[in-house]
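Colleague: Could you walk me through this model? I am new to reading structures, so please take it step by step.

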Amino acid sequence: MPKRAVQKLLAKYHTRDPFEIAKMRNINIRFDDLGTSVRGYYMAVRRQKFILINNRLDALERRVVCAHELGHDILHPGTNTPFLRNYTYQCTQKSENEANTFAAHLLISDDDLAEARENGYTIPQLAAMCEVPQELVKLRIKK
């Protein structure tokens, strides 16, 4: 499901930049001090969509967080993950895994994987090439 969702986005918006896609989808992006444990979150309030990103993160981390939160917008529209986590007993792990997989497919293309295979790149090398955490590379390879 995340892979198909990314393919549709790429066909429509012709970019892998999560910030550009969010802008074209009329998602408000805000940078704020979210402390040391929260990297970002997505929420929809009265048909307004927001991605909040911790301003303590560097540019690469912000890109990954934006891609992850964009995954929530695409895959879980209308869901307010912080509310679910804090005020209900509903499990959010499945939606978090799906958003991570979405981010992996958005930020690591099939061409990137092919180049890595051709050149015998390790997971750390592919992560460095795509400027993503190794965990996303592992997810992308697994899926």
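Modeller: Happy to! A residue is buried when its relative accessible area is under 20%, exposed when over 50%, and partly exposed in between. Keep in mind that this is a predicted model.

Colleague: Is Lys49 buried, exposed or partly exposed?

Modeller: Buried needs a value under 20%, and exposed needs one over 50%. Lys49 has 22% relative accessibility, so Lys49 counts as partly exposed.

Colleague: Which residues are linked with Lys49 in a network of salt bridges?

Modeller: Let's start from Asp73, which is buried at 3% relative accessibility. The side chain of Asp73 meets that of Lys49 in a salt bridge, at 3.5 Å from N to O. Asp73 also forms a salt bridge with Arg25, at 2.8 Å. The network therefore links Lys49 with Arg25 and Asp73.

Colleague: How do α1 and α3 lie relative to each other, roughly parallel or roughly perpendicular?

Modeller: The axes of α1 (residues 2-13) and α3 come within 11 Å and cross at roughly 95°. Angles of 65 to 115 degrees count as roughly perpendicular. So α1 is, relative to α3, roughly perpendicular.

Colleague: What class of residues makes up the contact of α1 with α3?

Modeller: Pro2, Ala5 and Leu9 in α1 meet Leu70, Ile74 and Leu75 in α3. There are no polar and no charged residues in this contact, and the six residues are nonpolar.

Colleague: Where on α7 do its buried residues sit?

Modeller: The buried residues of α7 (residues 123-130) are Leu126, Ala127 and Cys130. They cover an arc of only 100° around the axis, which puts them on the same side of α7.

Conventions: Residues numbered from 1 in each chain as written. Predicted model: local features only at pLDDT ≥ 70, side-chain atom pairs only at ≥ 80, totals over all residues. Heavy atoms only, no water. Buried < 20%, exposed > 50% of the residue type's maximum accessible area, 1.4 Å probe, protein only. Helix = DSSP H or I, 4+ residues; strand = E, 2+ residues; numbered from the N terminus. Arc of directions from axis to C-beta. Axes fitted to C-alpha atoms, helices over the stretch in contact; angles between N-to-C directions. Parallel < 35°, antiparallel > 145°, perpendicular 65-115°, else oblique. Contact = heavy atoms within 4.5 Å. Nonpolar A, V, L, I, M, F, W, Y, C, P; charged D, E, K, R; others polar. Salt bridge = Lys/Arg side-chain N within 4 Å of Asp/Glu carboxyl O.
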